[in-house]
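Subject: Structure handover

Hello,

Here is the structure I said I would pass on. Please look it over when you have time; my notes come after it.

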Amino acid sequence: MKQFFIRYGIFCILSIMSIGLYLITNNFSIHIKQPIQLVLAEYNYKAYISHTTYFTPHKNDSLTINQTVYGNFTFIIDSVYKEPSFMVLLLHPENKNSFTQCINGESFIKGYIYIGKENIQELIVRKLKD
């Protein structure tokens, strides 16, 4: 028995670790987050986001901006148009009174939006190809 572990122990451990790594990467996914800049316009807000294939917003959709300095905020999309390097969303806050109290008169806020999920295995393959 001792000779078996000395001869095949490392191979068995590496095989078990490889199977475990495959199962973890195949069964778990992570959120894809995209940076977003929110600028105060006259009566609504403009949100600038880079072009992406994962995110296609539509009018009257709700959009939650996460990880800002002031917390997470939910907006309603009024319109969407595209510029050469950004997608521009015109938004209004879901609850305007609490939003204006939270931001303390700021006219520029940075945050993130979650635009989807990606399998960890697909992420690793994509990174190895780049």
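The notes below go through the aromatic contacts, the charged groups, the surface patch, the cysteines and a few single residues. Please keep in mind that this is a predicted model.

Aromatic pairs

The count of aromatic pairs comes to 5. One of them joins Tyr 45 and Phe 75: the ring centres are 6.0 Å apart and the planes stand at 65°, so this pair is edge-to-face. Tyr 45 belongs to strand β2 (residues 45-50) and Phe 75 to strand β4 (residues 71-82), so that the contact, across 30 residues, links distant parts of the chain. Both partners fall below the 20% limit for a buried residue: Tyr 45 has a relative accessible area of 7%, and Phe 75 has 0%.

Phe 73 and Phe 99 make another pair, also edge-to-face, with 4.8 Å from centre to centre and 90° between the planes. This contact too links distant parts of the chain, as Phe 73 is in strand β4 and Phe 99 is in helix α2 (residues 96-103), 26 residues apart. Phe 73 counts as buried at 10% relative accessibility, and Phe 99 is buried at 2%.

The four residues named so far belong together: Tyr 45, Phe 73, Phe 75 and Phe 99 form one aromatic cluster. Strand β2 contributes Tyr 45 and strand β4 contributes Phe 75, while Phe 73 comes from strand β4 and Phe 99 from helix α2.

Charged groups

Which ring has the charged end of Lys 33 over it? It is the ring of Tyr 112, with the charged end of Lys 33 placed 4.4 Å from the ring centre.

The structure has 1 salt bridge. Its partners are the side chains of Glu 118 and Arg 126, at 3.0 Å from N to O. The two ends are not equally covered. Glu 118 is buried, with 8% relative accessible area, whereas Arg 126 is partly exposed at 35%.

Surface patch

A nonpolar patch on the surface is made of Met 1, Phe 4, Phe 5 and Tyr 8, which together have about 490 Å² of accessible area. Of these residues, Tyr 8 is found in helix α1 (residues 2-27). Its relative accessibility of 37% makes Tyr 8 partly exposed.

Cysteines

How many disulfides does the count give? The count is 0. For the cysteines, I have two accessibility values to pass on. Cys 12 is partly exposed at 31% relative accessibility, and Cys 102 is partly exposed at 36%.

Backbone angles

Two residues other than glycine have a positive phi. Asn 60 has a phi near 70°, and Gln 67 has one of about 60°. Asn 60 lies in the loop between β2 and β3 (62-68), while Gln 67 is placed in strand β3 itself. Their accessibility also falls in separate classes. At 56% relative accessibility, Asn 60 is above the 50% limit and so counts as exposed. Gln 67, with a relative accessible area of 40%, is partly exposed.

Two C-alpha distances

Ser 79 is located in strand β4 and is partly exposed, with 26% relative accessible area. The C-alpha atom of Ser 79 is 9.0 Å from that of Pro 57, a residue 22 positions away along the chain.

Leu 40 lies in strand β1 (residues 29-40) and counts as partly exposed at 39% relative accessibility. Between the C-alpha atoms of Leu 40 and Leu 90 the separation is 9.9 Å, with their places 50 residues apart along the chain.

If you open the model at one place, the aromatic cluster of Tyr 45, Phe 73, Phe 75 and Phe 99 is where I would begin.

Regards

Terms used:
Residues are numbered from 1 along each chain as its sequence is written. This is a predicted model: local features need pLDDT of at least 70, side-chain atom pairs count only at pLDDT 80 or more; totals for chains, interfaces and linings use all residues. Side-chain values use heavy atoms; hydrogens and water are left out. Rings of Phe, Tyr and Trp (its six-membered ring) pair if their centres lie within 6.5 Å; planes under 30 degrees apart count as stacked, over 60 as edge-to-face and the rest as tilted. Helices (H or I, at least four residues) and strands (E, at least two) are DSSP runs, numbered from the N terminus. Buried means under 20% relative accessible area, exposed over 50%, partly exposed in between (1.4 Å probe, protein chains only). A charge sits over a ring if NZ of Lys or CZ of Arg is within 6 Å of the ring centre and within 35 degrees of the ring normal. Patches are made of residues with over 30% relative accessible area and no salt bridge: like charges are joined within 9 Å, nonpolar side chains (Val, Leu, Ile, Met, Phe, Trp, Tyr) within 5 Å. Accessible areas come from the Shrake-Rupley method with a 1.4 Å probe; for residues, only the protein chains shown count as cover. A salt bridge is a side-chain nitrogen of Lys or Arg within 4 Å of a carboxyl oxygen of Asp or Glu. A disulfide is a pair of cysteine sulfur atoms within 2.5 Å.
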